[in-house]
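Q: I would like to learn how to read helix packing and side-chain burial in a model such as this one. Could we go through the features one by one, with the general idea ahead of the case?

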Amino acid sequence: MPHTQKEALSQVEQLWNAVGARVIKLSPAAHDDLVSRSSHLPHVVAAELANYVLSPAHPPEQATVCANGFRDTTRIASGSPEMWRDIAMANRKNLGRVLGVFIEDLQEFSLALEKGDVKTVEEFFEKAKQRRDAWFGSGGSAE
């Protein structure tokens with residue numbers, strides 16, 4: 001932002017404030033790091049859920065048992081493939097890093113399931129619920 005004209009920045013801030021956005025100022029690197037987790041990773045996860053669950057390798061009944069949770073979780077997979085290709089490639093360093101951490105976390109969850117570790121499985125879901133509820137309760141993005 002050191003090269004941004006103050007008047008131009010002020011006009012852009014006013015525009016976003018006028019439409020109800022919460023404006024924060026970040027360096028491009030900080031922005032790319034944050035959105036790799038909160039925007040790009042969820043899109044990849046939604047796309048993989050749609051690819052995997054609705055794969056023609058599964059029986060046709062698979063699509064029949066997909067209900068609202070699946071619909072809601074995969075909604076963003078209907079975004080423009082070209083746009084998301086470009087986003088993923090432009091932020092591939094950060095996205096690759098957060099995908100690695102995400103996959104490690106899923107592997108830990110998988111191991112807990114394999115071991116029959118009820119406590120760890122419940123803690124996984126409890127922590128997610130608490131974090132999501134706290135985020136949404138503090139004014140997180142509208143659903």
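Q: Is L41 buried or exposed, and how is that decided?
A: The general idea is a cut-off on relative accessible area, with residues under 20% counted as buried. In this predicted model, L41 has a relative accessible area of 9% and is therefore buried.

Q: Where does L41 lie, and which residues does L41 touch?
A: L41 lies in helix α2, and, when residues up to four places away in sequence are not counted, L41 touches S36, L95, V98, L99 and F102. A separation along the chain can also be set beside a separation in space: L41 and A88 are 47 residues apart in sequence, while their C-alpha atoms are 9.2 Å apart.

Q: How should I read the packing of the helix that holds L41, and at what angle do α2 and α6 pack?
A: Two packed helices are described by the angle between their axes and by the distance between those axes. Here helix α2, residues 28–53, and helix α6, residues 92–115, pack at an angle of about 65°, and their axes are 9 Å apart. The crossing in which α2 passes α6 is right-handed.

Q: Which residues of α2 and α6 meet?
A: From α2 come D32, D33, S36, R37, H40, L41, V44 and V45, and these meet N94, L95, R97, V98, L99 and F102 of α6. Sorted by character, the residues of this contact of α2 with α6 comprise seven nonpolar, three polar and four charged.

Q: What can be said of V98 on the α6 side?
A: V98 has its place in helix α6, and its relative accessibility of 6% is why V98 counts as buried. Leaving out residues up to four places away in sequence, V98 touches S36, R37 and L41. V98 and A88, which are ten residues apart in sequence, have C-alpha atoms 12 Å apart in space.

Q: Is S36, one of the polar residues, buried or exposed, and what does its side chain reach?
A: S36 lies in helix α2 and is buried, because its relative accessible area is 0%. For a polar side chain it is useful to look for a partner atom, and the side chain of S36 reaches the backbone oxygen of D33 at 2.6 Å. Apart from residues up to four places away in sequence, S36 touches L41, N91, N94, L95, R97 and V98.

Q: How does N94 compare on the same points: is N94 buried or exposed, and with which side chain does N94 make a polar contact?
A: N94 is found in helix α6, and with 15% relative accessibility N94 counts as buried. The side chain of N94 makes a polar contact, at 2.7 Å, with the side chain of R97. When residues up to four places away in sequence are set aside, N94 touches D32, D33 and S36.

Q: How do α6 and α7 cross, and what name does that orientation carry?
A: The axes of α6 and helix α7, residues 118–137, come within 8 Å and cross at roughly 140°. An angle over 145 degrees would count as roughly antiparallel, and α6 and α7 are therefore oblique to each other. This contact is made by F109, A112 and L113 of α6 together with T120, V121, F124 and F125 of α7. The residues in the contact of α6 with α7 divide into six nonpolar, one polar and no charged.

Q: Where is E13 found, and with which residues is E13 in contact?
A: E13 is found in helix α1, residues 6–18. Aside from its neighbours within four places in sequence, E13 is in contact with V23 and K25. The C-alpha atoms of E13 and L106 are separated by 38 Å, and these two residues are 93 residues apart along the chain.

Technical notes: Residues are numbered from 1 along each chain as its sequence is written. This is a predicted model: local features need pLDDT of at least 70, side-chain atom pairs count only at pLDDT 80 or more; totals for chains, interfaces and linings use all residues. Side-chain values use heavy atoms; hydrogens and water are left out. Axes are lines fitted to C-alpha atoms, for helices over the stretch in contact, and angles run from 0 to 180 degrees between N-to-C directions. Helices (H or I, at least four residues) and strands (E, at least two) are DSSP runs, numbered from the N terminus. A crossing is left-handed if the near helix is turned anticlockwise from the far one by less than a right angle, and right-handed if clockwise. Contact means heavy atoms within 4.5 Å. Ala, Val, Leu, Ile, Met, Phe, Trp, Tyr, Cys and Pro count as nonpolar, Asp, Glu, Lys and Arg as charged, and the others, Gly among them, as polar. Buried means under 20% relative accessible area, exposed over 50%, partly exposed in between (1.4 Å probe, protein chains only). A polar contact is a pair of N or O atoms within 3.5 Å; within protein, one must be able to donate a hydrogen and the other to accept it, and residues adjacent in sequence count only if both atoms are side-chain atoms. Angles under 35 degrees count as roughly parallel, over 145 as roughly antiparallel, 65 to 115 as roughly perpendicular and the rest as oblique.
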